[in-house]
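The following note sets out points for a colleague who is examining the coordinates. Each point concerns one region or one group of residues.

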Amino acid sequence: MFYDLHMHSCLSPCAEDEMTPNNICGMALVKGLELIAVTDHNSVKQLPAVAEVAAGMGLRMLYGCELETSEEVHVLGLFAKLDDAMSMQSWIDSVMPSISNDVDYFGKQEIMNAEDQLIGTEPRLLLVSLEASLEETIDAIHSHGGRAVLAHVLDRVNSVTRQLGFIPPGLDYDGLEIKSLEQKSRVLETHSWITEDSTEWFIDSDAHRLGDISEPENYMRESVFRRLWGDS
Ligand SMILES: [Zn+2]
Ligand SMILES: [Zn+2]
């Protein structure tokens, strides 16, 4: 199935206001995607509305978040069950520094219902590093029933290679997110301990606006989905 497992709703301050639950799911359908995940920065609070809208449109979903570790590395937590994803919020709250969001500077952090009506805002700034290491963050994702994907691993900001210099051997992630197959080759060339088959590779949009949601170009086999997320 064609997928895009990394995109931001209007809850992320850096995303456009147009990234509402209905607009995201509608655009995903128009683009021909079959599986999506919404992954806001350090929050799962938009997921119930997105889940309801996606179910109504017949769109398959994983329930996600993009966590920033104390090393400033971005990690996607991807969950097959909405309840498991929602249970991450109390862990996030326990490790998130409480800094007020400056709406004029960082942008709005809006929570919608399934009718795209505003039902709340997140007062704490979501663009922060959690007080949890990369290993602790991956462990938390796993203990809540999710899969951990190192986000945009070759990016210039907030990637594991930028922040740590390389992808540490022995780190217990489930997948690596790249922007292109050329990036996969670069990861393999520079990491002798990683092979093509030793992990899963994902190409996502990291969309912050509707037009940037992926075209139907990246395909996941059902067997891969089942291996990672079961029969959900
Ligand atoms: Zn990121
Ligand atoms: Zn992102």
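1. N158 belongs to the loop that connects β7 and α6. In this predicted model, N158 takes a positive phi of about 55° although it is not a glycine. Its relative accessibility is 19%, and since buried means under 20%, N158 counts as buried.

2. H152 is found in that loop as well, between β7 (147-150) and α6 (160-164). H152 likewise is not a glycine, yet has a positive phi, of about 25°. With a relative accessible area of 3%, H152 is buried. A colleague who inspects the backbone of this loop may wish to look at H152 and N158 together.

3. The strand that precedes this loop, β7, is part of an open sheet. In what order do the seven strands of the open sheet lie? The order is β1-β2-β3-β4-β7-β8-β9, and the pairing is mixed. The edge strands are β1 (3-4) and β9, each of which pairs on one side only.

4. At the β9 end of that order, the pairings can be followed strand by strand. β7 and β8 run parallel and are joined by two bridges; L150 has L176 in β8 as its bridge partner. β8 (residues 175-178) then pairs with β9, also in the parallel sense, over four bridges. Here E177 has F202 in β9 as its bridge partner. Between β8 and β9 the chain passes through α7, and this β-α-β crossover is right-handed.

5. Which residues of β9 point one way, and which the other? E200 and F202 point one way, W201 and I203 the other, and all are buried. In a regular strand the side chains alternate between the two faces of the sheet. The charged residue E200 is thus among the buried residues of this edge strand.

6. F202 also takes part in an aromatic contact with W229. The model has six aromatic pairs. In one of them, F202 and W229 are tilted, at 6.4 Å centre to centre and with 55° between the planes. F202 lies in strand β9 and W229 in helix α8, so this pair ties together parts that are 27 residues apart in sequence. Both F202 and W229 are buried.

7. W229 forms a further tilted pair with F225, at 5.5 Å centre to centre and 45° between the planes. Why are F225 and W229 separated by about one helical turn? The two residues are four residues apart in helix α8. F225 is buried, with a relative accessible area of 1%, and W229 counts as buried at 7% relative accessibility. Ring pairs link F202, F225 and W229, together with Y3, into a cluster.

8. The largest pocket has a volume of about 440 Å³. It is lined by 18 residues, of which K184, E200, W201, Y219 and R221 are the closest to its centre. The elements that give two or more residues to this lining are α7 (181-190), β9 (200-203) and α8 (222-229). Which element gives the most to the lining? β9 does, with four residues. By class, the lining has nine nonpolar, two polar and seven charged residues. For anyone setting up a calculation on this pocket, the seven charged residues are to be noted.

9. S223 is found in helix α8, one of the elements that give two or more residues to the pocket lining. S223 is partly exposed, with a relative accessible area of 41%. From S223 to D116 the C-alpha to C-alpha separation is 34 Å, and the two are 107 residues apart in sequence.

10. D139 has its place in helix α5 (residues 134-143). D139 is partly exposed, with a relative accessible area of 47%. The C-alpha atoms of D139 and E71 are separated by 15 Å, and these residues are 68 apart along the chain.

How values were computed: Residues numbered from 1 in each chain as written. Chains lettered and ligands numbered in written order. Predicted model: local features only at pLDDT ≥ 70, side-chain atom pairs only at ≥ 80, totals over all residues. Heavy atoms only, no water. 1 Å grid on protein atoms, 1.4 Å probe; cavity = no way out; pocket = protein on both sides within 12 Å on 5 of 7 lines; lining within 4 Å. Points joined across faces, edges and corners; volume = space filled by probe spheres on them. Buried < 20%, exposed > 50% of the residue type's maximum accessible area, 1.4 Å probe, protein only. Pairing = 2+ DSSP bridges. Right-handed = clockwise from strand over helix to strand, strands pointing away. Phe/Tyr/Trp six-rings, centres within 6.5 Å; stacked < 30°, edge-to-face > 60°.
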